[in-house]
Amino acid sequence: MLDRRSFMATASATATVGFALPTTHSLAWALAENDTYLPKIGIQLYTLRNEMTKDPIKTLAAVASAGYKQIELMDVMDANQLMPIAKDKGLYGTSAFLKWNILGEAKPAADITTLDQSIEQAVKHNLKYLVFGYIGKGN
């Protein structure tokens, strides 16, 4: 079992080594520039949701400069707005979230996106996967 002293020593050593390593490519410094894995490294934009709300152009530029090549959209219905910006920054998307509740709605309300509309957006923007992270509780 790891005691507190051993944990702190290990964590400190790991952090020291981490800061001492080169960071020329931020995210992908350990991969050669022509590594075939590099274009497959992606980020889920939900992890940057606050930044995306404030300034999507600046945020996507930062994502690209950090070495990412692939993004996952927070909502497939944002594709019209975000995919052109992403493409301009050298990013591409293969997946997007869709609202889980449309899977069970036989006839959704007029203001709710339908499954067909979501699929149309995915096809239009060459997204291969539509995902959802949870099924709402009690709905």
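This short presentation covers the strands, one helix pair and several individual residues of a predicted model.

Let me begin with the sheet. Four strands form an open sheet in the order S1-S2-S3-S4, and their pairing is parallel. Strand S1, at 42-44, and strand S4, at 129-131, stand at the edges; each has a single partner strand, so one side of each is left without a neighbour in the sheet. From one strand to the next, the twist averages 25 degrees.

I turn now to the individual pairings. S1 pairs with strand S2, residues 70-73, in the parallel sense, over three bridges. Within these strands, isoleucine 43 stands opposite isoleucine 71 in S2, and glutamine 44 stands opposite glutamate 72 in S2. On its other pairing, S2 joins S3, again in the parallel sense, over four bridges. Glutamate 72 takes part here as well: its bridge partner in S3 is serine 95.

How are the side chains of S2 arranged, and are they buried or exposed? Gln70 and Glu72 point one way from the strand, while Ile71 and Leu73 point the other way. All of them are buried, the polar-looking names in that list notwithstanding.

Next, a residue of strand S3, which spans residues 92-97: glycine 93. Its relative accessibility is 7%, and because buried means under 20%, glycine 93 counts as buried. Leaving aside residues up to four places away in sequence, glycine 93 touches Ile71, Met83, Asn126 and Leu127. Of these, Ile71 has already appeared as the residue opposite isoleucine 43. Glycine 93 also lies 9.5 Å from tyrosine 129, C-alpha to C-alpha, although the two are 36 residues apart in sequence.

I come now to the helices, starting with a pair. Helix H3, residues 56-65, packs against helix H4, residues 79-88, at an angle of about 40 degrees, and their axes are 10 Å apart. The two helices are therefore oblique to each other. Their crossing is right-handed. Which residues of H3 and H4 make the contact? On the H3 side they are Pro56, Ile57 and Leu60, and on the H4 side Gln81, Leu82, Ile85 and Ala86. By character, the residues of this contact divide into six nonpolar, one polar and no charged.

Helix H3 also contains alanine 62. This residue is partly exposed, with a relative accessible area of 43%. The C-alpha atoms of alanine 62 and lysine 89 are separated by 9.2 Å, and the two residues are 27 residues apart along the chain.

Finally, helix H5, residues 115-124, where serine 118 is found. Is serine 118 buried or exposed? It is buried, with a relative accessible area of 2%. Its contacts, not counting residues up to four places away in sequence, are Val76, Met77, Leu98, Ile102, Thr113 and Leu130.

To close, I return to the main points. The sheet is open, with four strands in parallel pairing. H3 and H4 cross in a right-handed sense. Glycine 93 in S3 and serine 118 in H5 are buried, at 7% and 2% respectively, whereas alanine 62 in H3 is partly exposed.

Key
Residues numbered from 1 in each chain as written. Predicted model: local features only at pLDDT ≥ 70, side-chain atom pairs only at ≥ 80, totals over all residues. Heavy atoms only, no water. Axes fitted to C-alpha atoms, helices over the stretch in contact; angles between N-to-C directions. Parallel < 35°, antiparallel > 145°, perpendicular 65-115°, else oblique. Left-handed = near helix turned anticlockwise from the far one by under 90°. Contact = heavy atoms within 4.5 Å. Nonpolar A, V, L, I, M, F, W, Y, C, P; charged D, E, K, R; others polar. Buried < 20%, exposed > 50% of the residue type's maximum accessible area, 1.4 Å probe, protein only. Pairing = 2+ DSSP bridges.
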